[in-house]
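Reader: Could you take me through one part of this fold slowly, strand by strand, and then tell me what sits against it? I'd like it in plain bench language.

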Amino acid sequence: MKSESKFWKSIKDNMPDVFFTRLESWASPGVPDVYGCKDGIMFFLELKTSTKVNKAKMSPFQKSWHFSHSSQGGRSFIMHQHLEQRLICVFPSSIAISIAALSPKYAPKSWVIPESPAAWAEIQDYILHSPLLKPEAPPV
């Protein structure tokens, strides 16, 4: 099983009270991997895993989707599982256009793996209730 597939399974197993749908984005490049909903709060997750590389890589399509979605007040996040550092980092999509920001060093929130049920509850709470910031326009 690929790293991202294992990460997806871990998310589903540890947040069982969230309604999740895994999305296939072959029809529309840039659309995140996962749609979630709990208590009327809808969100998207882009899943990233890395071993040695310290940054989550995003395609231009992904950056554009996250920028546009967050510009309209949408709730979406990039979840980066850094296997070597044994971290899960969660980034609001409003910073997705800044590649440098998508490293554990700049993560607004991160949790050590293996995660306890309390850590997963924190991750879920962060995704559902963290304040959303509007992204800054990309440099021209």
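Author: One bit of vocabulary before we start: two strands count as paired if DSSP finds at least two bridges between them. Keep in mind, too, that this is a predicted model.

Let's begin with strand E1, residues 19-22. Its neighbour is strand E2, residues 34-38, and the two run antiparallel, joined by four bridges. To put your finger on one of those contacts, go to Phe19: its bridge partner in E2 is Cys37. In general, strands of a sheet are held together by backbone hydrogen bonds, in either a parallel or an antiparallel sense.

Now zoom out. E1 belongs to an open sheet of six strands, ordered E1-E2-E3-E4-E5-E6, and the pairing is mixed. E1 and E6 are the edge strands, each pairing on one side only. Going from one strand to the next, the twist averages 25°.

So much for the sheet; what about helix H1? H1 covers residues 3-14, twelve in total, and spans 16 Å from first C-alpha to last, close to the 16 Å expected at 1.5 Å a residue. Phe7, Trp8, Ser10 and Ile11 are its buried residues. Looking down the H1 axis, you'd find them within an arc of 160°, so they line one face of the helix. The cover over those buried residues includes E1, E2, E3, E4 and E5, along with helix H3 (117-129).

One last stop is Ile95, in the loop between E5 (87-92) and E6 (109-112). Ile95 counts as partly exposed because its relative accessibility is 24%.

Conventions
Residues numbered from 1 in each chain as written. Predicted model: local features only at pLDDT ≥ 70, side-chain atom pairs only at ≥ 80, totals over all residues. Heavy atoms only, no water. Buried < 20%, exposed > 50% of the residue type's maximum accessible area, 1.4 Å probe, protein only. Axes fitted to C-alpha atoms, helices over the stretch in contact; angles between N-to-C directions. Expected span 1.5 Å × (residues − 1). Arc of directions from axis to C-beta. Contact = heavy atoms within 4.5 Å.
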